[in-house]
Amino acid sequence: MGAREKIRETNPAFYERYSQLEDSDEFWEFMIRPLRQSVRVNTLKAPLERVVERLSEEFELEPIPWVREGFFIDVDNLAKVPEHGLGLIFGQEASSMIPAVVLDPGPGELVLDMAAAPGGKTGQMASYMENEGCIVANDPVVGRANVLIANLNRLGVLIARVTVREGAYFGRFENTFDRILLDAPCSSVGMIRKGWRFLEGWRLRGVIRYMNLQKRLIMAAYRALKPGGTLVYSTCTIDPLENEEVVDYLLRKTDARLGSIDLPVRSSEPVLEWEGREYSGELKKALRIHPNDNDTEAFFVARIIKPEGGE
Amino acid sequence: MKENPRGKIGLESDTELVKRLLMENYGHAPELVYRISGRGHRVYAWKPCPLEVRDVERRGVYFGRVESDGIRLSIEGSFLVGPGATRNVVRLDDERARRYLAGENVEITEEIHGWVIVAWRDYFLGSAKAKDGRLMNYIPKERRLRFKKSLK
């Protein structure tokens, strides 16, 4: 049975909805193909070149084109890699390294990571900040926050404050943060390559529930952003209601603008019309990644700018 | 006999006490905020943040523990102190590093006693207790190497 048939049989509503988005055999095959193991080198603990040199003695590394510290690695279990236990590398999916690259935080800045668990992106941002400045790393679920704490510890992050709040709470910090990452909770279509349960459990009503939450979160994030600051909105899903619809909502309600994203990554055309709704042409600047574009998880990334003298 | 540093907890600021113990034991103390917490005398370290956020669950990293005879560093603590340490650092070759990372005690030739930083190539493997020509292993179980393949 081909991938298309397996998906159609497992969740017909899923197949019907996303065949309207893309319907190539390749798209369906990559949707369920197991992910390649990838890692990010944690430059907070040792220089990139030295870690790569040591790892290369024992493992095959293939650079990930869009992030300097990212590599695909030929190992089935990271517990076999000394650098993993020591916190010198972190298992992180290749496309999930994109949001922090796009956000591009620097040393000394004040950053909010609104939905931070499990912490790979927070650690990546701390690396770019060279452990100087401050990151408020939030997750509303205690169990997930504990995983976040453990991972930030292992990565040697000295500048994080971990909070357990509803993300919308941060709306009260008006015009405060230099940069904000909102890697929003979503229906996780991109995660099907990690777990079949994401396909089995997918429902349209879940997508709509997430969309409403995402709209609340993006408005709070934008409020908390300093004028002149950057907000990156990302999800690991392909549904236009959770991606283009949410960013379009922000563009319509505020003075937000989108910035272009210039990375060596293949992508699919952003959706400008869906179910009778038309979205702003600004969304052409967003990055929509389908699993077959780069053999990764699906992802959506938008770089949002708050104008100087803005809200 | 050296005095028990745990007896000093609460008598001077945590940061001052930890930095003094680090200087005594390893000859280097990073400029961080330190806090000693709980009956385990666990040490946490972080950098200041300009924004006051209430109800913070955790800041910084688990840095180590104040022991009755010195200060033991976690893996993270050793990566912070190790690059500047001027004494009590024991370097392992690849074969002993592999065994140490897998959770074994390993033999050393240095005549050294007490808490030391364990180093391997450019990395630091936390603190171990040097005693009778051996390093007693303190790698946490969940962080041990689970594959017995020799490192080149």
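Select B:Val43 and then B:Gly64, its bridge partner in β4 of chain B; this is a predicted model, in which local features need pLDDT of at least 70, side-chain atom pairs count only at pLDDT 80 or more, and totals for chains, interfaces and linings use all residues. Residues are numbered from 1 along each chain as its sequence is written, chains are lettered from A and ligands numbered from 1 in the order in which they are written, and side-chain values use heavy atoms, with hydrogens and water left out.

Widen the selection to residues 42-46 and 61-67 of chain B, which are strands β2 and β4, paired in the antiparallel sense over four bridges. Two strands count as paired if DSSP finds at least two bridges between them, while helices (H or I, at least four residues) and strands (E, at least two) are DSSP runs numbered from the N terminus.

Next, add β1 and β5 of chain B to see the open, antiparallel sheet of four strands in the order β1-β2-β4-β5. Because β1 (33-37) and β5 (70-73) of chain B stand at the edges with a single partner strand each, one side of each has no neighbour in the sheet. Neighbouring strands of this sheet are turned by 30° against each other on average, direction ignored. Helix α1 (residues 14-26) of chain B lies across β1, β2, β4 and β5 of that chain, at about 100° to β1(B); axes are lines fitted to C-alpha atoms, for helices over the stretch in contact, and angles run from 0 to 180 degrees between N-to-C directions.

Now show both chains: 39 residues of chain A are in contact (heavy atoms within 4.5 Å) with 40 residues of chain B. The chains bury about 3400 Å² between them, 60% of it on carbon and sulfur atoms, buried area being the accessible area (1.4 Å probe) that two parts lose on being put together, summed over both. On the chain A side, select A:Leu86, A:Leu158 and A:Arg161, which lose the most area to chain B, together 21% of what that side buries.

Turn then to the second largest pocket, an open set of points on a 1 Å grid over the protein atoms alone, where a 1.4 Å probe fits, with protein on both sides within 12 Å along at least five of seven lines. Its 25 lining residues (an atom within 4 Å of a point) include A:Asn153, B:Tyr62, B:Pro140, B:Glu142 and B:Arg143, which lie nearest its centre. The largest share of this lining, five residues, comes from α8(A).
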